[in-house]
Amino acid sequence: RTSHFNLSAFYYDYKDYQTFELVELSLAVRNKDAIIKGIEAEFNTRPIDGLFFQTFLTLLDSKVKGVVLPAGTVANTRVPQAPKLSVGALVRYAFPVGDGELSLQTDWKYDSAQYFSTFNAPVDRQGGRIVGNARIAYRFADQWDIAAFVNNLTDKEYKLYNLDLSGPFGFTQQSYARPRWFGASVTWQVGK
């Protein structure tokens with residue numbers, strides 16, 4: 001009763017998957033056939049008091065059929081924002097200190113390369129990346145918690161979104177994830 005393992009497999013056969021296509025200067029929403037299949041596995045355990053470990057793995061195979069590319073050709077492409085491989089882990093250890101509890105936590109995730117549009121153009125591609133976070137918190141014996149954290153520990157630069165307007169306008173619009181950033185919080189739990 002200290003460990004759990006979950007495994008699921010799925011197969012989606014879309015008849016009206018909504019995708020964007022560039023029609024002259026306009027983005028049009030078109031319905032296309034698409035297939036997404038994959039496997040997800042998750043394992044978590046509490047081997048000793050205070051220690052929690054969780055890991056997951058996702059494998060995806062996705063295809064959108066008959067996408068009209070900006071050059072006018074028709075191709076089968078990958079579903080946007082669907083990396084073929086995602087794997088991650090979280091470790092948290094909490095132990096008594098004084099009248100409260102101190103906890104240390106870190107989590108890491110790897111996503112393989114993915115595209116931000118069904119065109120699968122090189123400018124829409126985000127390479128694989130590893131991103132990690134860390135957190136330290138102290139829970140007082142009453143209703144108060146204080147915490148400090150660092151997100152994007154390795155200061156990895158990666159895109160969250162890309163809009164390719166290079167065909168009609170000669171530029172792309174890109175949104176990037178935050179660089180390494182630090183923060184703190186104070187929490188009070190009502191009704192405890």
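A residue counts as buried when its relative accessible area is under 20%, as exposed when that area is over 50%, and as partly exposed in between. The structure described here is a predicted model. With a relative accessibility of 17%, Asn 120 therefore counts as buried. This briefing treats the largest pocket, the largest nonpolar core, the salt bridges and a few individual residues in turn.

**The largest pocket**

- The volume of the largest pocket is about 320 Å³.
- Its lining is made up of 16 residues. Those that lie nearest the centre of the pocket are Phe 20, Pro 80, Phe 116, Ser 117 and Thr 118.
- Several strands contribute to this lining: strand 1 (3-23), strand 2 (26-45) and strand 11 (159-165) supply at least two residues each.
- By residue type, the lining of the largest pocket consists of 9 nonpolar, 6 polar and 1 charged.

**The largest nonpolar core**

- In soluble globular proteins, nonpolar side chains tend to be buried together.
- In this model, the largest nonpolar core contains 10 residues. They are Phe 10, Tyr 17, Ala 34, Ile 36, Val 64, Val 67, Leu 69, Val 79, Ala 82 and Phe 119.
- At least two residues of this core come from each of strand 1, strand 2 and strand 3 (51-68).
- Val 64, a member of the core, has contacts beyond its neighbours within four places in sequence. Among these contacts are Tyr 17, Ala 34 and Val 79, which also belong to the core.
- The contacts of Val 64 further include Lys 32, Asp 33, Ala 75, Asn 76, Thr 77, Arg 78 and Thr 118.

**Salt bridges**

- The model has 5 salt bridges.
- One of them joins the side chains of Asp 61 and Lys 37, with an N to O distance of 3.7 Å. Because Asp 61 is in strand 3 and Lys 37 is in strand 2, this pair ties together parts that are 24 residues apart in sequence.
- Both partners of that bridge are partly exposed: Asp 61 has a relative accessible area of 41%, and Lys 37 has a relative accessibility of 37%.
- Another salt bridge links Lys 109 with Asp 111, whose closest N and O atoms are 3.5 Å apart. Here Lys 109 is partly exposed at 39% relative accessibility, whereas Asp 111 is buried with a relative accessible area of 8%.
- Arg 139 and Asp 145 form a further salt bridge, in which the closest N and O atoms are 3.1 Å apart. Arg 139 is partly exposed at 34% relative accessibility, whereas Asp 145 is buried at 15%.
- Lys 109, Asp 111 and Arg 129 are joined into one network by salt bridges that share partners.

**The surroundings of Lys 109**

- Lys 109 belongs to strand 6, which covers residues 100-111.
- Although Lys 109 and Ser 86 are 23 residues apart along the chain, their C-alpha atoms are separated by 7.2 Å.
- Ser 86 is also one of the residues in contact with Lys 109 when neighbours within four places in sequence are left aside. The others on that list are Phe 56, Val 87, Gly 88, Arg 129, Ile 130 and Val 131.
- Arg 129 thus appears both among the contacts of Lys 109 and in the salt-bridge network with Lys 109 and Asp 111.

**Residues in the loops**

- Asn 120 is located in the loop between strand 7 (114-115) and strand 8 (125-126). It has a positive phi of about 55°, although it is not a glycine.
- Asn 152 likewise has a positive phi of about 55° without being a glycine. Its place is in the loop between strand 10 (144-151) and strand 11, and its relative accessibility of 4% makes it buried.
- Thr 118 is found in the loop between strand 7 and strand 8. At 3% relative accessibility, Thr 118 counts as buried.
- With neighbours within four places in sequence left aside, Thr 118 is in contact with Tyr 17, Thr 19, Phe 20, Val 64, Val 67, Thr 77, Arg 78 and Pro 80.
- Among these contacts, Tyr 17, Val 64 and Val 67 are members of the largest nonpolar core, while Phe 20 and Pro 80 are, with Thr 118, among the residues nearest the centre of the largest pocket.

Definitions and conventions
Residues are numbered from 1 along each chain as its sequence is written. This is a predicted model: local features need pLDDT of at least 70, side-chain atom pairs count only at pLDDT 80 or more; totals for chains, interfaces and linings use all residues. Side-chain values use heavy atoms; hydrogens and water are left out. On a 1 Å grid over the protein atoms alone, a cavity is a set of points where a 1.4 Å probe fits but cannot get out, and a pocket is an open set with protein on both sides within 12 Å along at least five of seven lines; lining residues have an atom within 4 Å of a point. Grid points are joined across faces, edges and corners, and a volume is the space filled by probe spheres set on the points. Ala, Val, Leu, Ile, Met, Phe, Trp, Tyr, Cys and Pro count as nonpolar, Asp, Glu, Lys and Arg as charged, and the others, Gly among them, as polar. A nonpolar core is a set of buried Ala, Val, Leu, Ile, Met, Phe, Trp, Tyr and Cys residues joined through side-chain atoms within 4.5 Å. Buried means under 20% relative accessible area, exposed over 50%, partly exposed in between (1.4 Å probe, protein chains only). Contact means heavy atoms within 4.5 Å. A salt bridge is a side-chain nitrogen of Lys or Arg within 4 Å of a carboxyl oxygen of Asp or Glu.
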